[in-house]
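Colleague: Please take a close look at one part of this model for me. I would like to hear about its empty space, inside and at the surface.

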Amino acid sequence: MSEALDKVRAVRELPLFPLPVVLFPGMPMPLHIFEPRYRQMLTDIRASDNLFGLSYFDASESGKEIPPAGHIGCVAEITETQGLPDGRSNVLAVGVIRYQVEDYVERDDPYLVVRVTFFEDEEEETEALNANAREVAAMFMRVANAIRVINDERGNLPDITDTEPQKLSFLVAAAMEIESDTKQELLELRSTSERLTRLRDFLARVVKGYEERARLHTIAKGNGHGGKHVDVE
């Protein structure tokens, strides 16, 4: 049993926090708690196991009041809490494991509660996964370094080349600037290789554009003295 599954082995029901964001396992998510029902939820889960379900849901686009049964989300564990004088709170949550909602539980709580089943990615051939992961990591680092140049950021990024493939796929999916619907699709996949393939294809489409923007930014900072003539249409 994995560490994530072990953490939720006794969990059958989860308080639910629907938000228009996607949380991935292992990734941090800062949250600001201000609605009375979620203040109560925070009090309740802090008194128990610090776990709740975070489900991607945009009420303004869905036309529904709550996420439908059957949807997939990610268990969040509260690791830090900062209470504010007026009762609001800033919290840091970290993704643990994905779940699929079986149904809603009727209780007297002011917030939603769901009955869930947990899942992880399927087992796949290690050598092919590692090769795919190294390719994704290399392209992601190229994009990340280009963005740092564009934003005039200093320092070196950590090397993610040897990151375990599933963890790498979640890290890159969380970090990339892509639509939330696309992030949700990546979250729902149960194949690490499929997730890595989709990320690789996306990175391949954007990496040269980011690097060209970084090159032009560097030339502009040097007052155009880059050693080459650049035609910008």
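Modeller: What follows covers the cavity, then the pockets, then one helix beside them. Keep in mind that this is a predicted model.

Start with the enclosed space. The structure holds one cavity of 30 Å³ or more. The volume of the largest cavity is about 40 Å³. Its lining consists of Ile-33, Tyr-38, Met-41, Leu-42, Ile-45, Phe-52, Ile-78 and Val-91. By class, that is eight nonpolar residues, with no polar and no charged ones. Helix α2 (residues 36-46) gives the most, with four residues.

Now the open space. The largest pocket holds about 480 Å³. It is lined by 22 residues, and Glu-120, Glu-164, Gln-166, Lys-167 and Phe-170 are the closest to its centre. β5 (89-104), α4 and α5 (165-175) each give two or more residues to this lining. β5 gives the most, with five. The classes are mixed here: nine nonpolar, five polar and eight charged.

The second largest pocket has about 300 Å³ of space. Of its 18 lining residues, Phe-17, Pro-18, Glu-35, Arg-37 and Tyr-38 lie nearest the centre. At least two residues each come from β1 (13-19), β2 (28-33) and α2. This lining divides into 13 nonpolar, one polar and four charged residues.

Last, helix α4 (residues 126-150). Its 25 residues should span 36 Å at 1.5 Å a residue, and the end C-alpha atoms are 36 Å apart, so the two agree. At its start, a side-chain oxygen of Glu-125 comes to within 3.0 Å of the backbone nitrogen of Glu-127. After α4 comes Asp-152, with a positive phi near 55°.

Methods:
Residues numbered from 1 in each chain as written. Predicted model: local features only at pLDDT ≥ 70, side-chain atom pairs only at ≥ 80, totals over all residues. Heavy atoms only, no water. 1 Å grid on protein atoms, 1.4 Å probe; cavity = no way out; pocket = protein on both sides within 12 Å on 5 of 7 lines; lining within 4 Å. Points joined across faces, edges and corners; volume = space filled by probe spheres on them. Nonpolar A, V, L, I, M, F, W, Y, C, P; charged D, E, K, R; others polar. Expected span 1.5 Å × (residues − 1). Polar contact = N/O pair within 3.5 Å; in protein donor to acceptor, adjacent residues only side chain to side chain.
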